[in-house]
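Please work through the exercises below with the sequence and the model side by side, trying each task before reading its solution.

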Amino acid sequence: MKNAVTFIAVAVAFTALTAFTFQGSNEYIGSKSCKACHSNKKMGGTAYKTWSKGPHAKAFKTLQTAEADKIAKEAGHSTKAAETDACLSCHVTGMLEKGAKFGKKFKKEEGVGCEACHGPASKYKTKHAKDVEGAAKLGLKSPTGKDAEALCVTCHNEKSPTYKKFDFAKRMKEIDHSK
Ligand code: HEC
Ligand code: HEC
Ligand code: HEC
Ligand code: HEC
């Protein structure tokens with residue numbers, strides 16, 4: 001009898017825990033998950049193509065250069081730039097966020113990916129194609145104006161060892177992928 005009660009108690013606790021984990025976790029799943037639809041004018045537009053040729057897609061590769069290692073060393077780090085958390089924080093999606101979760105397909109090599117600006121996508125990925133408003137509740141973000149600028153300056157700021165003054169309107173045009 002006692003065993004049965006313990007069993008039920010454990011089962012209930014386990015169910016509650018998995019339900020909680022399921023609801024609570026929105027994972028970063030990587031930019032490749034956006035490619036199929038966002039490479040096609042008739043589906044979600046050509047954002048993927050524009051991004052993949054832009055500066056953010058190569059942000060991790062930049063850390064694998066001799067120039068980056070030199071900057072890391074000068075900043076007092078003893079590890080290579082691509083292995084230094086203080087560099088990865090702005091050069092890879094999700095690294096600035098405490099407690100962020102990453103799915104199996106996520107690759108740091110993708111640098112600053114779609115989800116760095118549009119939010120971790122495991123929950124909205126399928127849903128938003130048909131219901132953009134509903135997807136906002138699942139974590140889809142698409143900031144404009146001042147909100148977009150606030151997002152950019154979480155990385156484009158003086159903590160960047162190579163900081164260049166950030167002119168939002170001008171820089172936004174350089175990464176425009178709305179067509
Ligand atoms: C199954 C196809 C499909 C996949 C996969 C997909 N999208 Fe989309 N996405 C769409 C379509 C279609 C729209 C246009 C929806 C509309 O305007 O009604 C859209 C719209 C968007 C928008 C604009 C939302 C707005 O406010 O207008 C963003 C941002 C976006 N997608 C990001 C992503 C990201 C990031 C990924 C990868 C994690 C992704 N999408 C994967 C089909 C897809
Ligand atoms: C998660 C951090 C992060 C966010 C958020 C971010 N960026 Fe960047 N951005 C970078 C990094 C890192 C680079 C350097 C990439 C490289 O050269 O390898 C970069 C480079 C750029 C460049 C290339 C020119 C330059 O300054 O070297 C432009 C333009 C740019 N970002 C625009 C934007 C805009 C506009 C926003 C906001 C909508 C934004 N970024 C948000 C991290 C970020
Ligand atoms: C550096 C931040 C950043 C990255 C990286 C980024 N986006 Fe965006 N994206 C934005 C912002 C900001 C807007 C809103 C622009 C506006 O309308 O002013 C936007 C707009 C969009 C839109 C809506 C266009 C429209 O007006 O209907 C889609 C779709 C989209 N992004 C998809 C993607 C996909 C897919 C990726 C990755 C392949 C991606 N974005 C990467 C910041 C980003
Ligand atoms: C606060 C965010 C942030 C941190 C932390 C950061 N970077 Fe960057 N990094 C950026 C941004 C944004 C850019 C684009 C140029 C700019 O405005 O700084 C960039 C560009 C670069 C570039 C390209 C230089 C150029 O002029 O195009 C190199 C190399 C680089 N970073 C190396 C590093 C190294 C090494 C570290 C760690 C010691 C580091 N970064 C830490 C945000 C950051």
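The exercises that follow deal with the metal sites and the surroundings of the ligands.

This is a predicted model, in which local features need pLDDT of at least 70 and side-chain atom pairs count only at pLDDT 80 or more, while totals for chains, interfaces and linings use all residues. Residues are numbered from 1 along each chain as its sequence is written, chains are lettered from A and ligands numbered from 1 in the order in which they are written, and side-chain values use heavy atoms, with hydrogens and water left out.

**Exercise 1.** Determine which residues coordinate the iron atom of ligand 1, and state the arrangement of the donor atoms around this iron atom.

*Solution.* Begin with the donors, which are N, O and S atoms within 2.8 Å of the metal (3.2 Å for Na, K and Ca); water is not among the atoms, so sites may look incomplete. His38 and His128 each coordinate the iron atom of ligand 1 through NE2, at 1.9 to 2.0 Å. Next, take the angles: the 6 donor atoms around the iron atom of ligand 1 subtend 86 to 179°, and the arrangement is therefore octahedral. Six donors count as octahedral if opposite donors are over 155 degrees apart and all others between 65 and 115. For comparison, the ideal angles for six octahedral donors are 90 or 180 degrees. Then locate the pair, using helices defined as DSSP runs (H or I, at least four residues) numbered from the N terminus. His38 lies in the loop between helix H2 (32-35) and helix H3 (47-53), and His128 in the loop between helix H7 (114-118) and helix H8 (132-136), so that distant parts of the chain, 90 residues apart, are linked. Finally, consider accessibility, where buried means under 20% relative accessible area, exposed over 50%, and partly exposed in between (1.4 Å probe, protein chains only). His38 counts as partly exposed because its relative accessibility is 23%, whereas His128, at 18%, counts as buried.

**Exercise 2.** Identify the protein donors of the iron atom of ligand 2, and describe the shell around this ligand.

*Solution.* The protein donors are His56 (NE2) and His156 (NE2), which lie 2.0 to 2.1 Å from the iron atom of ligand 2. Because the 6 donor atoms around this iron atom subtend angles of 86 to 180°, the arrangement is octahedral. His56 sits in the loop between H3 and H4, and His156 in the loop between H9 and H10, so the pair ties together parts that are 100 residues apart in sequence. At 22% relative accessibility, His56 is partly exposed, and His156 is partly exposed at 29%. Turning to the shell, a residue is near a molecule if one of its heavy atoms lies within 4 Å of it. By class, this shell has 10 nonpolar, 5 polar and 4 charged residues, with Ala, Val, Leu, Ile, Met, Phe, Trp, Tyr, Cys and Pro counted as nonpolar, Asp, Glu, Lys and Arg as charged, and the others, Gly among them, as polar. Helix H10 (168-174) is one of the helices that supply at least two residues, and its 3 residues are the largest share. As for polar contacts (pairs of N or O atoms within 3.5 Å), an oxygen atom of ligand 2 is 2.4 Å from a side-chain N or O atom of Thr62, and an oxygen atom of the ligand is 2.8 Å from one of Arg171.

**Exercise 3.** Find which protein donor the iron atom of ligand 4 has, and in which helix this donor is found.

*Solution.* His91 (NE2) is the only protein donor of the iron atom of ligand 4, at 2.2 Å, and His91 is found in helix H6.

Definitions and conventions. A polar contact is a pair of N or O atoms within 3.5 Å; within protein, one must be able to donate a hydrogen and the other to accept it, and residues adjacent in sequence count only if both atoms are side-chain atoms. Four donors count as tetrahedral if all angles lie between 85 and 135 degrees; four count as square planar and six as octahedral if opposite donors are over 155 degrees apart and all others between 65 and 115; anything else is irregular.
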